[in-house]
Amino acid sequence: MHFIIVGNGVAGIQAALTLRERLPDPATTHITIISDESDYFISRTALMYAYTEKLQRRDLEPYERRLYRDKHLTLRRARVVDLDADAKTVTLGDGESLAYDGLLLSVGAKPRSADFAGLDKVRDGLVNFVSLQDLDHCERLTPTTRRAVIVGGGLIGIELVECLRHHGVEVTFLVRSPWFWPAALGADEGEFIAAHMREHGVDLRLEEQVQEVKVDENGRVCAVRTESGEEIDCQMLGVAIGVTPNCEWLRAVKTPPALARGIRVDRAFRTSLPQVWAAGDCAEIDQDTGNTLVETIWYSAKRHGILAAQSMLGDPVRYETPVFFNSSKFFDIEFTTVGDLEDAPPGSTTLYRKMPERPISQRIVANAAGEVIGFNMLGSRFDHRILTRWIQEKRGLDWVRDNLEHAQFDVEFGRVPLQKMTETTDRPKE
C-alpha cells in the first residue's frame, strides 16, 4: 500500500506520523511526502525568529532528521504538476509518475495578492512572509533596504514589521482600518498596541492604503503613493493582507477535485475524488448549515492532519469545529485569544479589565445567558486550555472573573496582580 502526502507542513507531517503509527511495517505500507518548499518539515510560525537571528535555519525543524528515517517516511523535494484520479497517479515536475492507494493534499495557503497600480512593473523588492522562500527573499533584501512599507493589519504584518525593526530598517506600517487588527482586537486594545508599536519606532498609519507602487530603473521598488496622495520612499514593500488556499493549480490537472475557496471536503476530509483527501489551510470543510469553513491557522491544520489520516485508514471521522484559540506577541506584549469575539451575539456583555499605565488588559465576553464565550488577554500569559474548558463548561462571567488567576501561567518575573486592574462592563441595552 502506498500513501502519498503532497505538502510537508504541519497537516501533512501529522498525517504521515499518524499513518505510520497505525501501520508500522514499511514492507507493507510505503509513505511518501512531497514538497517543493523545503527538504524537511519546518515550523513556519517560527520564521520571524530566524529573521531576527534568534534561531538558525536548522532550529526551524521541530523534529530530528533521523525521525523520517526511523519512521520510514520517504521525503521528495519536488512539485506535483498533475493528478489523475482515474489512474490513481500524481506526476512530478520532472515527468516522473507515482501511483498511490491513498492521496492527501495538504498544500497549505499562499499570500493573498494585492491589486496596487504599478505592481506589474515590479521585478524586485516585493515580499511576503509565509514561506521559507519568503524568508530567503527578505534576508537578501534587508542589507540594501533603508525603509520598508508594510501593508496589512494582522499577525503576519506585525511580525514582518518587528523583524525589520530588529535589523534597523525604518518601517512605515499601513493599516486600512481605524485601529490595528479589528477582526481580533477591540478599539481600546488596538489603541495601546498602536502606541506600543510607535514606541518601537514604527511609523504606523491607520486608515491608509497603497494606491500605486513605483520602481527604479532596475525594476526594484523605490516608492509607494498612498491613497491620501503621499509618496513614501522605500526599497521593500511587504504585502501581508492575509492568505488564501493554495489550490488554483489544481484546476489545470487531469482530474481536479471540487474547488471553491479551497479544496472542498466533507467532515471526514474526503474530497470529491475517490481515495483523495485534503487537510490544513487548503481544505474548505462543508458544514451542516450549508456554509463552508476554511481554517488558515497552524493549530487547526495540525488537528486536520491527524483526523485526515484516521479517515484514510477507514476510521469514522466527523470533524467538529473546536473552540478557537491563538497566541502570539506584539513585539513583547503577550497575546492569547480564545473563543468567539469577532461576532458577539445580540444581548452579550463585555467585561474589560485594564492595568493602569501598563499595556495589560483582558476582554471577556458573555452571551445573553451570561455564559462566557470568548477571551482576549493582552500583556500577560494565560493557559488557553483552562479558558477553553471554562467556555465548554458554560461558566458565568462573574465566576470567571473571580477565578481568573487560576488560568495564569507562573512566569519567571511573577504574575500580573489581577486585583489591581480597573474594570468596565458594557452590558446590553434594554
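This is a short talk about one protein chain and a handful of its residues.

Okay, hi everyone. One thing before we start: what you have in front of you is a predicted model. Please keep that in mind throughout.

Let's begin with the whole chain. It has 430 residues, and its radius of gyration is 23 Å. A compact globule with that number of residues would come out near 22 Å, so the two values agree. If you follow the C-alpha trace along its principal axes, you get spans of about 65 × 60 × 45 Å. As for secondary structure, there are 9 helices and 27 strands.

How much of the chain is buried? Buried residues account for 51% of the 430. The exposed surface comes to about 20,200 Å², and 46% of that is supplied by carbon and sulfur atoms. Then there are the charges: 52 positive and 65 negative, and the mean positions of the two sets sit 2 Å apart. One more number for the overview: take the contacts between residues at least 6 apart in sequence, and 62% of them join residues at least 24 apart.

Now let's zoom in, starting at Ile31. You'll find Ile31 in strand S2, which runs over residues 30–35. Its relative accessible area is 0%, so Ile31 is buried. What is around it? Setting aside neighbours within four places in sequence, Ile31 is in contact with His2, Phe3, Ile5, Ala16, Leu19, Arg20, His72, Leu73 and Thr74. Pick out His2 from that list: Ile31 and His2 are 29 residues apart in sequence, but their C-alpha atoms are 5.9 Å apart in space.

Next up is helix H4, residues 132–141. Which of its residues are buried? They are Leu132, Asp134, Leu135, Cys138 and Leu141. Those buried residues pack against four elements you can look for on the screen: helix H2 (47–51), strand S9 (126–127), helix H5 (155–166) and strand S16.

S16 takes us to Gln235, which is in the loop between strand S15 (231–233) and strand S16 (236–239). Buried or exposed? Gln235 has 10% relative accessibility, so it counts as buried. A polar atom of the Gln235 side chain lies 2.8 Å from the backbone nitrogen of Arg146. Arg146 is also one of the residues Gln235 touches beyond four places in sequence; the others are Gly125, Thr144, Thr145, Arg147, Arg220 and Val221.

Staying with loops, look at Leu259, between strand S17 (243–245) and strand S18 (263–265). The cut-off for buried is under 20% relative accessible area, and Leu259 has 18%, so it counts as buried. Outside its sequence neighbours up to four places away, Leu259 touches Cys247, Leu250, Arg251 and Arg264. Its C-alpha is 9.2 Å from that of Ser272, with the two positions 13 residues apart in sequence numbering.

Here are two residues to look at for their backbone angles. Trp181 lies in the loop between strand S11 (170–175) and helix H6 (187–199). Its phi is near 50 degrees, a positive value in a residue other than glycine. Trp181 is buried, at a relative accessible area of 17%. Phe331 also has a positive phi, about 55 degrees, although it is not a glycine. Phe331 is in the loop between strand S22 (325–330) and strand S23 (333–339), and it is buried, with a relative accessible area of 9%.

Last stop: Phe382. Where is it? It is in the loop between strand S26 (372–378) and helix H8 (384–392). At 3% relative accessibility, Phe382 counts as buried. Leaving out residues up to four places away, Phe382 touches Thr336, Gln362, Met377, Leu387, Leu404, Ala407, Gln408, Phe409 and Leu418. Compare its position with Phe335: the two are 47 residues apart in sequence, and their C-alpha atoms are 8.7 Å apart in space.

So what should you take home? Loop residues can be buried here, as Gln235 and Phe382 both are. And residues separated in sequence can still meet, as Ile31 and His2 do. Thanks, everyone!

Notes:
Residues are numbered from 1 along each chain as its sequence is written. This is a predicted model: local features need pLDDT of at least 70, side-chain atom pairs count only at pLDDT 80 or more; totals for chains, interfaces and linings use all residues. Side-chain values use heavy atoms; hydrogens and water are left out. Helices (H or I, at least four residues) and strands (E, at least two) are DSSP runs, numbered from the N terminus. Buried means under 20% relative accessible area, exposed over 50%, partly exposed in between (1.4 Å probe, protein chains only). A polar contact is a pair of N or O atoms within 3.5 Å; within protein, one must be able to donate a hydrogen and the other to accept it, and residues adjacent in sequence count only if both atoms are side-chain atoms. Contact means heavy atoms within 4.5 Å. The radius of gyration is taken over C-alpha atoms; the globule rule is 2.2 Å times the number of residues to the power 0.38. Accessible areas come from the Shrake-Rupley method with a 1.4 Å probe; for residues, only the protein chains shown count as cover. Lys and Arg count as positive and Asp and Glu as negative; His and the chain ends are not counted. The place of a charge is taken as NZ of Lys, CZ of Arg, CG of Asp or CD of Glu.
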